[in-house]
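Trainee: Could we go through the labels used for this model one by one, so that I can see how each of them is earned?

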Amino acid sequence: MEKVMQHIWGHRLWTPARLVTVDGREIEVLDPGIQNKDAGPDFFNAKVRIDGKTWAGNVEIHVKASDWKRHGHDGDTAYGNVILHVVGKDDMRIRRRDGVEIPQVVMACAEQYKDELDHLTDRPDYELACFRQMQSVPQIYRTDWLTALAFERMQEKANRFIDIMRRTGQKWNETLYIVLARALGFGVNSEPFERLAAATPLSVLLHYQYNTQTIESILFGQAGLLDAVAEGSAEAQYLDALRRDYDFFSRKHSLHRPSELGWKLARMRPQNFPHRRIAWLASLISRGFLIANEISTIDSAEAARRLFENSLSSFWASHFTFAPSSGHISPHLSRTASDVLIVNVVVPAMLAYSKLFGGDCTLETCTQILQSLPPENNRIVRLFGQAGVECPDAFASQALIQLRRSYCEPRKCLDCRFGHRFIAQAVRCRK
């Protein structure tokens, strides 16, 4: 309820428009202030006029006035500049530490908003709560919010990239290697891939540039996949060679294999098996991991795709695992897979590079790249598609993923522009 009241105050949605303090003084809200998401008063730098006198300071909001004392604000210096106490129920008068009574106002209509919010949030996770309302949103509102969401997602990914770089000691190549490894997990195996990369430094692997088998032995050994049982003579011979190499190089470089990575293969296409992705990563590293130097020069989706044109080694060009395989197997990463890497690795890396080192990369360039890629085909995109939300490209699909993950799933309907619109419209219809 308190969050609902904060939303109403921050967006000037109270009714009636005329507010009066509990002791009868008229209030004019000149500026509701800036909402505070951390500890302290709910709104900073508000301006209100009470009986013709203008006050500037903070605003605190509670469901009941007595919550002021229950939360310990009466003895907290952080609340010494509160100029207005907004409440749902006037059950007591409150004072600051200096003994001065704080003007108090009861804000109406919170219950209606809470009813509408409950209607949106009290749904199963697999549903789109605003499915019906979503179909009536004018295109201009839809485009505006989805554009902001796509930018929000791009910036979040770039910031995560920068956070990883701090953990690696400001090593650009190592950071890109870890981010790429995680992306090769394609969601299902992202965590095991990231842990594998973190435990297997790129600097060690680059000692054996141009020796793909050595790099494969280290990565497969660190991944815990060399314990497999080979079912053919050629497979057994290759697996034994990798085991011998890993035993030698892991001791030479004092590598420690991460425990219980938990690779998943069930209900997965063979092309997406972790064996194939690890072999592809080994191939990329054996060429010198040039992607780290080239990322800042990318200006189009086609240029980005060329970063991933390396082919698998001869063994993995005909195998999905260490077991014999039949039929034609492409030695290259599929176009769909490379597009996913552009979305999750190249674009965030371009933005992160620009933030860290400057350069020619702009948000506009990244946007153009995403808009030239086809949309991702996943459950979230299909869910919004059923609600009539078109998704023409990867820029739009990233926006929908951000909307679902950051607003729908955590039930942050009040922070969503669509949710705000739906709740306000529903309450107006009730009046």
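Mentor: We will set values from this predicted model against the cut-offs behind the labels.

Trainee: How do you know that cysteine 413 is not in a disulfide?

Mentor: A disulfide needs two cysteine sulfur atoms within 2.5 Å, and the closest cysteine sulfur to that of cysteine 413, in cysteine 408, is 6.7 Å away, so the pair is too far apart for a bond. The sulfur of cysteine 416 is likewise too far from its closest cysteine sulfur, in cysteine 408, at 6.3 Å. A search of the whole structure finds 0 disulfides.

Trainee: Why is cysteine 416 called buried?

Mentor: Buried means under 20% relative accessible area, and cysteine 416 has 8%, so the label applies.

Trainee: What makes arginine 182 and glutamate 194 a salt bridge?

Mentor: The side-chain nitrogen and the carboxyl oxygen must lie within 4 Å, and here the N to O distance is 2.7 Å, which places the two side chains in a salt bridge. The pair links distant parts of the chain, with arginine 182 in helix α6 and glutamate 194 in helix α7, 12 residues apart. Both residues also belong to a network of salt bridges with Arg167 and Glu191.

Trainee: Why is arginine 305 called buried, while glutamate 302 is called partly exposed?

Mentor: Partly exposed lies between the 20% and 50% limits, so glutamate 302 counts as partly exposed at 39%, whereas arginine 305 is buried at 10%. These two residues form a salt bridge, with their closest N and O atoms 2.5 Å apart.

Terms used:
Residues numbered from 1 in each chain as written. Predicted model: local features only at pLDDT ≥ 70, side-chain atom pairs only at ≥ 80, totals over all residues. Heavy atoms only, no water. Buried < 20%, exposed > 50% of the residue type's maximum accessible area, 1.4 Å probe, protein only. Helix = DSSP H or I, 4+ residues; strand = E, 2+ residues; numbered from the N terminus.
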